[in-house]
Amino acid sequence: MGTPPDSGKQTGIRILQGILPIERSQIPVEILAGITFAALAIPEVMGYTRIAGMPVVTGLYTILFPMLLFAFLGSSRHLAVGADSATAAIIASGLVILAVPGSPEYVAYASMIAIMAAIFLFLAGIMKLGFIADFLSRSVMIGFLTGVGIQIAIGQLSGMTGLPVSYVGAGQQLISFFSNLSALQLPTLVLSLAVIAVTLAGRRISRRVPGALLAVTGTIIVSWAFDLSARGIEVIGPVPGGFPAISFPTVPLAAFPDLLGLSAACFIVILAQSAATSRAYALKCSDRFDENTDLIGLSFSNISAGLTGTFVVNGSPTKTEMVVSALGRTQLTQVVAAIVVLAVLLVLTEPLSYLPVAALSAIVFLIGLRLIDIRGMISLRSRRPVEFGVALITAGAVIFLGVGIGIAVAVALSIIAHLRHSYRPMDMLLVPAPGGGMKPTPLAQGQQAVEGLAVYRFGADLYFANETKFTEEIVNLARNAEPPLKWICLSAVNISDVDYTASETLKAVHAELQKYGVTLVASDLSELVRTEFDRDGITSMIGTDHIFETVHEALAAYRMQYREKSGG
């Protein structure tokens, strides 16, 4: 059984929570896991630069300082931070209209988005807003990531075939691809298929076999040995080595409104995906984490990304699974991986210049396919058709309208789905059960707990959106009851808050019930709701002698009152 997030801790900047404590016997395992993780992550993040429209070396930058800073400042022992396909796609979808992909202006825009997202993350962390991630439902995230995966896969078809690259929408890319098939470059396609075959074969043998790294290394050797660039196969060209330059990105003021929207979209995805990943692996490995502390760690990671000329970083589920599969159990694994990346930047960037673009496109194509959650969509279709429709709409918005609009749709649909449940809650009547407890019955049956007393349990918080439903149901109970009711007991066990509108509604309901000779009483009030009742004058209106700890107390009081009256 996993341990839930440690939300009771005081959120702040505390170092090494993700590393310490650690057993000495685990350190060699962490070092080996870090080397294995780096071997798997390096070709992946290089592939993400294709999605983001960034220079290939910036992919390595996303797992240098950002990964180190989160390892020191985050609370999760497992969450791996680096470039991510969803946020890379968001960046590309918005920046392509502002600058040429890969240009210095484009890089500056992408770096500024990382810094702006970092500000959002830091504010969310210190204000303890990690709970916002809960508003993105799993069904919506399935649809969102599926849409991102399809969009990414379509976007790599041109690179895999040598056809001209187009940075327009997925639909137009498909049309352009099929209309230009006559220009397909067979050697490029063969190379792409070979990379896919090697990558899949490595994964089939074992998750620890770095198939993508073997494919990338092999194509670099072949490209160097046979001068593939002279044979019409495009290579990525010179890759700057050494330490990344540290500077603050300079962008025109006129671009900030566009960058603000993109950084907000990235913030929402980071918030939802990182929290969900940390939560899943904390439960899996019986560890604790504080999602608000993680937000602060992610904030510093993104600041370092922006200052080193790369793009937004995220808590990545694929990288986290790589770490866990390699037997990494603390952030020491990520520290080792960052050191390996630094070594690559210092001494191995020249061989990267021979890497064919088609090889990266093929790796990214597979990443896109992995994001398409066919199993999840099928499960939603069979078990929750309405939520399947929500996921489908989200996926369609991402594919045909872009990732930025897609994330807005995802958030809106998640909130609508939440409101749908609370707006039309499952309300019921309670009647005595044979064992002495209370059992629920449908409202339509109108069953009374005892003659003259109905116990009405409302199924959600009482607020402005559902107060009409509440009023109609409770007044109809009094109007249509047979025999006539004397009391209606509101069981508030599912009500944790009553807003101003609902409070005024309760007063109107009380007055309306009096017209039918029915007394409104209440039971199972939480401390917060009782405080709200006291403050809003509902307690004095109902009377303290009509507010009970439990339904059973209300039943006993009702029987006592009307037995005494009938006896008198």
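Lys469 is a good place to start: this residue is buried, with a relative accessible area of 9%. Buried here means under 20% relative accessible area, exposed means over 50%, and partly exposed covers what is in between (1.4 Å probe, protein chains only). This is a predicted model, where local features need pLDDT of at least 70 and side-chain atom pairs count only at pLDDT 80 or more, while totals for chains, interfaces and linings use all residues. Residues are numbered from 1 along each chain as its sequence is written, and side-chain values use heavy atoms, with hydrogens and water left out.

**Around Lys469**

Lys469 is found in helix α20. Helices (H or I, at least four residues) and strands (E, at least two) are DSSP runs, numbered from the N terminus. Leaving aside residues up to four places away in sequence, Lys469 touches Tyr423, Arg424, Pro425 and Asp427; contact means heavy atoms within 4.5 Å. Its side chain also makes a polar contact with the side chain of Glu473, at 2.7 Å. A polar contact is a pair of N or O atoms within 3.5 Å; within protein, one must be able to donate a hydrogen and the other to accept it, and residues adjacent in sequence count only if both atoms are side-chain atoms.

That pair is a salt bridge as well, at 2.7 Å from N to O. Both residues lie in helix α20 (residues 467-480), four residues apart, or about one turn of the helix. Glu473 is buried too, with a relative accessible area of 17%.

**Salt bridges**

Side chains of opposite charge can pair when their charged atoms come close. A salt bridge is counted when a side-chain nitrogen of Lys or Arg is within 4 Å of a carboxyl oxygen of Asp or Glu. How many salt bridges does the structure hold? There are eight, and the table shows some of them.

| Acidic residue | Basic residue | Closest N to O |
|---|---|---|
| Glu44 | Arg370 | 3.7 Å |
| Glu473 | Lys469 | 2.7 Å |
| Asp534 | Arg530 | 3.2 Å |

Take Glu44 and Arg370, whose closest N and O atoms are 3.7 Å apart. This pair links distant parts of the chain: Glu44 sits in helix α1 (residues 27-52) and Arg370 in helix α16 (residues 357-371), 326 residues apart. Glu44 counts as buried at 3% relative accessibility, whereas Arg370 counts as partly exposed at 39%.

Asp534 and Arg530 are separated by about one helical turn, because they are four residues apart in helix α22 (residues 527-536). Asp534 counts as partly exposed at 44% relative accessibility, and Arg530 counts as partly exposed at 29%. Elsewhere, salt bridges that share partners join Glu44, Lys319 and Arg370 into one network.

**The nonpolar cores**

A nonpolar core is a set of buried Ala, Val, Leu, Ile, Met, Phe, Trp, Tyr and Cys residues joined through side-chain atoms within 4.5 Å. Which residues of the largest core touch the most other members? They are Leu60, Leu95, Leu259 and Phe311, out of 94 residues. Helix α5 supplies the largest share of this core, eleven residues. Leu60 touches Ile42, Val45, Met46, Val341, Val344, Leu345 and Leu352, again not counting residues up to four places away in sequence. Another core, of 30 residues, lies apart from the largest one, with Tyr456, Phe458, Leu485 and Leu513 among its members.

**Helix α4 and Thr146**

Helix α4 (residues 85-95) is largely enclosed by the rest of the structure, because ten of its eleven residues are buried. Among them are Ser85, Thr87, Gly94 and Leu95. The N-terminal end of α4 is capped by Asp84, which has a side-chain oxygen 3.1 Å from the backbone nitrogen of Ala86.

Thr146 has its place in helix α6 (residues 138-155) and counts as buried at 5% relative accessibility. The side chain of Thr146 reaches the backbone nitrogen of Asp373 at 3.2 Å. Thr146 touches Leu371, Ile372, Asp373 and Met377, not counting residues up to four places away in sequence.

**Out at the surface**

Ile119, Leu123, Ile126 and Met127 make a nonpolar surface patch of about 390 Å². Patches are made of residues with over 30% relative accessible area and no salt bridge; like charges are joined within 9 Å, and nonpolar side chains (Val, Leu, Ile, Met, Phe, Trp, Tyr) within 5 Å. Accessible areas come from the Shrake-Rupley method with a 1.4 Å probe, and for residues only the protein chains shown count as cover. Ile126 lies in helix α5 (residues 104-126) and is partly exposed, with a relative accessible area of 47%.
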